[in-house]
Amino acid sequence: MGNSKSGAVSKEILEDLKLNTKFSETEIVQWYENFKKQCPNGRISKEEFQTIYSKFFPESDANTYAQHVFRSFDTNDDGTLDFKEYIIALHMTSTGKTTRKLEWAFSLFDVDKNGYITKSEVTEICTAIFKLIPKEEMAKLPEDENTAEKRAAKLWKYFDKGDNDRIAEGEFIQGVLDNDDALRLIQYSPLK
């Protein structure tokens, strides 16, 4: 495969991604070639990520949510995503109801990165999710979750916590695994 200087994905990164994602070697190599075309310097900025992410939600304001998604995958806090962080992001957001995806969801909700989620962080992410929902879909939401605040309160109730309590990662994952409604509330899926 060669090394990253020759324009090919390094064997070390390739092996790591094959082990830690659902993608095949061929898929990873194809993703890398596309990534290098889009990002010749090998990194994607928050702004570039927001632009790409917004294309998935043309009828909505995806910027706030994209910023949180970006933060959750910028594991070294350098303000950019390298190829490995980018592929991990793709993998985590495209897999099913797995513990790994819920670990990512926890990092998304853990806005201050202190290892816990508070009700205010849940409200902040629910507010960002709400910006993804087109107006015509808003009218179809149940009464008890038709605002970001109501959705956050409903989700928080599933964890049986007071307003000033906090949730650790294991609690969050178990709570969502135990309740399909909680899983639905932590994400936005467009109506078909």
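Colleague: How many disulfides does a search of the whole structure find?

Modeller: Zero, in this predicted model: the search covered the whole structure and no disulfide turned up. A disulfide would need two cysteine sulfur atoms within 2.5 Å.

Colleague: Why is Cys126 called buried?

Modeller: Buried means under 20% relative accessible area, and Cys126 has 0%, so it counts as buried. Cys39, at 4%, counts as buried too.

Colleague: What does the helix around Cys126 pack against?

Modeller: Cys126 is one of the buried residues of H7, and these also include Val122, Ile125 and Phe130. The buried residues of H7 pack against several elements, among them helix H4, helix H9 and strand S3.

Colleague: Nice. What makes the aromatic pair of Phe35 and Tyr86 tilted?

Modeller: Planes under 30 degrees apart would be stacked and over 60 edge-to-face. The planes of Phe35 and Tyr86 are 40° apart, with 5.2 Å centre to centre, so the pair falls in the tilted class. Phe35 lies in helix H2 and Tyr86 in helix H5, so the pair ties together parts that are 51 residues apart in sequence.

Colleague: And is Tyr86 buried or exposed?

Modeller: Its relative accessible area is 15%, and the cut-off for buried is under 20%, so Tyr86 is buried.

Colleague: How do you know that Arg166 lies over the face of Tyr116?

Modeller: For Arg, CZ must be within 6 Å of the ring centre and within 35 degrees of the ring normal. Arg166 is listed as lying over the face of Tyr116, at 3.5 Å from the ring centre, so the distance criterion is met.

Notes:
Residues are numbered from 1 along each chain as its sequence is written. This is a predicted model: local features need pLDDT of at least 70, side-chain atom pairs count only at pLDDT 80 or more; totals for chains, interfaces and linings use all residues. Side-chain values use heavy atoms; hydrogens and water are left out. Buried means under 20% relative accessible area, exposed over 50%, partly exposed in between (1.4 Å probe, protein chains only). Helices (H or I, at least four residues) and strands (E, at least two) are DSSP runs, numbered from the N terminus. Contact means heavy atoms within 4.5 Å. Rings of Phe, Tyr and Trp (its six-membered ring) pair if their centres lie within 6.5 Å; planes under 30 degrees apart count as stacked, over 60 as edge-to-face and the rest as tilted.
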